[in-house]
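Here is a set of exercises to work through with the structure open beside you. Try each task before reading its solution.

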Amino acid sequence: FDYILPTLSFSDILYTGEHEDYENLLTARVRFNSSPWGLFVTTLGGSEHIYSSLHTMTSLLNGVSIWGSGLLGRNDFGRKEYRIRQTYKSFNTSTAEWIPYWTGEGSYYQVDDPKIKTSLYFHKGKDALMVVANYNREEKEVKLSLKLAKMGLKGTGLKAVNVMTEESVPVAQGSQLELKIPAKSFVLVRMDGR
């Protein structure tokens, strides 16, 4: 669990995340984020949790990739992982502005529950991709109020979809997403403002 900086200086990629506490967001922010290290980070998972929503959402919230499990992954993980990868590729996250949860709350969105976290990517005036995570022990009805002007989006004509289920997500009052998120799980929402 130690990062040996002289070793990292000769590295191209950092594999981390095995046997970690994915609910400790401060630790995740330091260990599962490329910014402090200057390296591409991918999270591995111990055999007991690599296929869990908690592992996946904490990785996505911190803007890092997830080590793949292939088609033999448990809990239909291969199909889910493929859907996530295709979504990030088609959205073109590499050209988008990334707003992590620790800077986004209050500036780009507002939510009442402190255990609901959101990181997002956006192309100004065009679209947004949001990871909305529920760290509660129970399912939550979440109202995520977006500050659309910061993203150059307008409240009228916005369309939002849960990319994992392909279901529409209601946009109330022009700027509020209404989501039902299972316990210790997440919803990946794509919003199109064109």
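**Exercise 1. Decide whether leucine 144 is buried or exposed, and list what surrounds it.**

Solution. This is a predicted model, so all values below are computed from its coordinates.
- Step 1: Begin with accessibility. The relative accessibility of leucine 144 is 0%, and the cut-off for buried is under 20%, so leucine 144 is buried.
- Step 2: Place the residue. Leucine 144 belongs to strand 8, which covers residues 140–146.
- Step 3: Collect its contacts, leaving out residues up to four places away in sequence. They are Tyr109, Gln110, Val111, Thr118, Met130, Val132, Ser175, Gln176 and Leu177.
- Step 4: Take one of these contacts, Val132. Valine 132 is 12 residues from leucine 144 along the chain, and their C-alpha atoms are 8.8 Å apart.

**Exercise 2. Work out the strand order of the sheet that contains strand 8, and find its edges.**

Solution.
- Step 1: Read the order. This open sheet has four strands, arranged 5-8-12-11 with antiparallel pairing.
- Step 2: Look for strands with a single partner. Strand 5 (109–110) and strand 11 (171–172) are at the edges, so each has one side without a neighbour in the sheet.
- Step 3: Turn to the pair formed by strand 8 and strand 12. These strands are joined by six bridges in the antiparallel sense.
- Step 4: Check the register with one residue. Valine 142 faces leucine 179 of strand 12.

**Exercise 3. Do the same for the open sheet of six strands.**

Solution.
- Step 1: The order is 4-6-7-13-9-10, and the pairing is antiparallel.
- Step 2: The edges are strand 4 (97–99) and strand 10, each of which pairs on one side only.
- Step 3: Strand 9, residues 159–162, forms four antiparallel bridges with strand 13. Within strand 13, arginine 190 is the bridge partner of valine 161.

**Exercise 4. Describe how helix 3 and helix 4 sit in the structure.**

Solution.
- Step 1: Count the buried residues of helix 3. Eight of its nine residues are buried, so helix 3 is largely enclosed by the rest of the structure.
- Step 2: Name them. They are Leu54, His55, Thr56, Met57, Thr58, Ser59, Leu60 and Leu61.
- Step 3: Compare the length of helix 4 with expectation. Its 15 residues span 21 Å from first to last C-alpha, close to the 21 Å expected at 1.5 Å a residue.
- Step 4: Find the buried residues of helix 4. These are Phe77, Gly78, Glu81, Ile84, Thr87, Tyr88 and Phe91.
- Step 5: See what they meet. The buried residues of helix 4 pack against helix 3, strand 3, strand 6 (116–123), strand 7 (127–134) and strand 13.

**Exercise 5. Which residues have a positive phi without being glycine, and where do they lie?**

Solution.
- Step 1: Recall the background. Most residues other than glycine have a negative phi.
- Step 2: Asparagine 92 has a positive phi of about 65°. Asparagine 92 follows helix 4, in the loop that leads to strand 4. Its relative accessible area is 33%, so asparagine 92 counts as partly exposed.
- Step 3: Glutamate 166 also has a positive phi, near 65°. Glutamate 166 sits in the loop between strand 9 and strand 10. With a relative accessible area of 56%, glutamate 166 is exposed.
- Step 4: For contrast, look at a glycine. Glycine 63, just after helix 3, has a positive phi of about 70°.

**Exercise 6. Characterise the largest and the second largest pocket.**

Solution.
- Step 1: The largest pocket has a volume of about 410 Å³. Its lining comprises 24 residues, with Asn162, Met164, Thr165, Ser185 and Phe186 closest to the centre.
- Step 2: Helix 3, helix 4, strand 10, strand 12 and strand 13 each give at least two residues to this lining. By class, the lining of the largest pocket has 11 nonpolar, eight polar and five charged residues.
- Step 3: The second largest pocket holds about 290 Å³. Among its lining residues are Phe40, Gly63, Ile66, Arg85 and Tyr121.
- Step 4: Helix 4 provides the largest share of that lining, four residues. The lining of the second largest pocket divides into seven nonpolar, three polar and two charged residues.

Terms used
Residues numbered from 1 in each chain as written. Predicted model: local features only at pLDDT ≥ 70, side-chain atom pairs only at ≥ 80, totals over all residues. Heavy atoms only, no water. 1 Å grid on protein atoms, 1.4 Å probe; cavity = no way out; pocket = protein on both sides within 12 Å on 5 of 7 lines; lining within 4 Å. Points joined across faces, edges and corners; volume = space filled by probe spheres on them. Nonpolar A, V, L, I, M, F, W, Y, C, P; charged D, E, K, R; others polar. Pairing = 2+ DSSP bridges. Buried < 20%, exposed > 50% of the residue type's maximum accessible area, 1.4 Å probe, protein only. Contact = heavy atoms within 4.5 Å. Expected span 1.5 Å × (residues − 1).
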